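Here is a short report on packing and internal space. It moves from single residues to helices, then to cores and cavities.

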Amino acid sequence: EHTTVGPSLGRGGRRAGASVAAMAAAGAASPPDRQLHTALALTWLAYGYFYVLRKALGAVKSALRNELLYSESQLASLDTAFLAAYSAGLYVSGCLVDAVQPRVVLCCGICLAAAAAFLLPLLLPGQLGGGGAEGFVVWIPAYLCWIAHGLAQSAGHPAIQRVLGKRLRGNRWSGMYLGIWTTSQTVGGMTGNFCGGYLLSNFGWQAVLQRPIFVAPCIVLCLALGWSVLEVPKEPSAVPLAYEEGDHEDVEKRRRGSCCTRLFGGFGAQVYVAALAAFFVKFVRYALLFWLPYYNWAVLGFDASKAAYHASVFEFGGFFGTMALGPLSDRLDGPGTHRRAWPSAVLMFGGALLLGFVIPQVEAQSQWSPASRECAMALGIFLVGISVDGPESVVTGALCNDLCQDSGLTGLQGRVVGMVNGTGILGALIAGPAVTFWVRSCGGWPAVFPFLAIISLLGVASLIPLCNFVSWPSVMAARTGLVATGCAGATLVVVLLFSVICNPLVEVSRADAEQNVTGANSSRA
């Protein structure tokens, strides 16, 4: 039954009726807000746990180097196996969460990731006989285990973005909410570093990988308690609006497309450009994420536990970057992709300046006291965390959400997120071998920071088309081939350029690196 406030009630009556209507509207909107906040809290907890598991191997690299005598290349090969599986899994799980309930995919991923981390110490070579492990065959069980871990980790991001994308559809403050959610990466990474350092110093490196499995049942139980909040109804159509408005035959062709078409095709140029930007920003982020603890140990001379603690400064800076950039982009005017892209490009440019100029200058200040140098390095890494994690969270979160809404791809949100993040993880996949190659050929570990600065500048250039500074007809031909060619070509050019420049320093670089490691070992002895 509807009640109408008539003209006879006068101005006061109309005001009272408007107040009642506003209160009723607020009351009607309250339950969805509570569901959004519940879904945000549960997915934040789940993805933070994923990051605790992901940081475990990075925290024990120095111990594996000391106790089992693994080389840097062997340690990097584990990262490569994980990231290759993670990248491929993102493309597949992006399609999977569009067809299956994302909450089911999320819970299965958590259980499998925890089990794989628990099994890795039992499968690493050298456990029974001690000493260094040689040959590829003895590494196969460990590789298969860590590949399974990468596939399990890939279930998290598309599933969670699918859940939150449904709750945030049409929400003006989606950048703020997704920025809050992205802090799960920072908090999870810091928790992984601190817990890894504690477990490493008190219980050994095996405990760093095996103890987190006991938390998995608690995470799954929390998700089960909010099971209905995580439900995503089936979309009436999984075809973009552009196709629905076109010919019926095009719609049927899109639905019955090949596997490659379903994974990579039909998204529009902006999605591919966003994937290219994710490639470069994740290259920088994962290079620091996986190798910063080892850098602190090999170059700065920290012990293993202190190296893990000190690396948490990067995640701490990322916390502020993700919390600030999302709400800032919400307050800007213009299309969603424009207001997400240009502040991300500005912040990445600042990160490139820090990596290319500020941090190398701090490293070169030998006249400073050790405490002053350590504090200056921590401040520089903190600012780099802000400049890298902030754009990464926006490009892989809020930007994908806006692209889906602006392009009518809400039914394909899982695939869009999988496409952008999967291409980004390809950058992370190249980062591991590129870092170790750079150390061997271009001045040792201190030369890595200028290298990452160049990659950051390439990320800035890839975001320019999304800032509306370039006419879209010039990039409308973008396809999957553009993403692959651009990523591989740009990386190859950078590597070849710096190899030519740094070639005369090869022998000096190796001698310096060996001297640094020998000095660190002697000081600890």
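Gly197 is buried, and its relative accessible area is 0%. That value falls under the 20% cut-off for buried residues. The coordinates are those of a predicted model. Gly197 sits in helix α6, which covers residues 174-203. What does Gly197 touch, leaving aside neighbours within four places in sequence? The contacts are Ser305, Ala308 and Tyr309. Ala308 is 111 residues away from Gly197 along the chain, yet their C-alpha atoms are separated by 5.7 Å.

Ser154 is another buried position, with a relative accessible area of 2%. Ser154 belongs to the loop between α4 and α5. Beyond four places in sequence, Ser154 is in contact with Tyr86, Gly89, Leu90 and Ser93.

**Helices on either side of the loop**

Helix α4 takes in residues 140-153, 14 in number. At 1.5 Å a residue the helix should span 20 Å, and its end C-alpha atoms are 20 Å apart, so the two values agree. The buried residues of α4 are Ala142, Tyr143, Cys145, Trp146, His149, Gly150, Ala152 and Gln153.

Helix α5 runs over 156-167. From first C-alpha to last, its 12 residues reach 17 Å, close to the expected 16 Å. How far is α5 enclosed by the rest of the structure? Largely, because 11 of its 12 residues are buried. Among them are two arginines, Arg162 and Arg167, along with His157 and Gln161. Gly156, Pro158, Ala159, Ile160, Val163, Leu164 and Gly165 are buried too.

**Nonpolar cores**

The largest nonpolar core holds 110 residues. Leu64, Leu83, Ile110, Leu124, Trp205, Tyr286 and Leu452 touch the most other members. Leu64 contacts Leu124 and Trp205. Its other contacts beyond four places in sequence are Leu57, Leu69, Tyr70 and Leu75. A second, separate core has 24 residues, including Leu399, Leu403, Leu463 and Leu466.

**Cavities**

How many cavities of 30 Å³ or more does a search of the whole structure find? The search gives 4. The table sets out the lining classes of two of them.

| Cavity | Nonpolar | Polar | Charged |
|---|---|---|---|
| Largest | 10 residues | no residues | no residues |
| Second largest | 4 residues | 2 residues | 2 residues |

The largest cavity has a volume of about 80 Å³. Its lining consists of Ala287, Leu288, Trp291, Leu292, Tyr295, Val435, Trp445, Val448, Phe449 and Leu452. Helices α12 (269-298) and α17 (448-463) each supply at least two of these residues. The largest share comes from α12, with 5 residues. Leu452 thus appears twice: it is in this lining, and it is one of the residues that touch the most other members of the largest nonpolar core.

The second largest cavity contains about 40 Å³ of space. Arg54, Leu57, Gly58, Asp79, Phe82, Trp146, His149 and Phe290 line it. Helices α1 (10-67), α2 (72-99) and α4 each give at least two lining residues. The largest share, 3 residues, is from α1. Two names link this cavity to the helices above: Trp146 and His149 are in its lining, and both are buried residues of α4. Leu57 also lines this cavity and is in contact with Leu64.

Key:
Residues are numbered from 1 along each chain as its sequence is written. This is a predicted model: local features need pLDDT of at least 70, side-chain atom pairs count only at pLDDT 80 or more; totals for chains, interfaces and linings use all residues. Side-chain values use heavy atoms; hydrogens and water are left out. A nonpolar core is a set of buried Ala, Val, Leu, Ile, Met, Phe, Trp, Tyr and Cys residues joined through side-chain atoms within 4.5 Å. Buried means under 20% relative accessible area, exposed over 50%, partly exposed in between (1.4 Å probe, protein chains only). Contact means heavy atoms within 4.5 Å. Helices (H or I, at least four residues) and strands (E, at least two) are DSSP runs, numbered from the N terminus. The expected span of a helix is 1.5 Å times one less than its number of residues. On a 1 Å grid over the protein atoms alone, a cavity is a set of points where a 1.4 Å probe fits but cannot get out, and a pocket is an open set with protein on both sides within 12 Å along at least five of seven lines; lining residues have an atom within 4 Å of a point. Grid points are joined across faces, edges and corners, and a volume is the space filled by probe spheres set on the points. Ala, Val, Leu, Ile, Met, Phe, Trp, Tyr, Cys and Pro count as nonpolar, Asp, Glu, Lys and Arg as charged, and the others, Gly among them, as polar.
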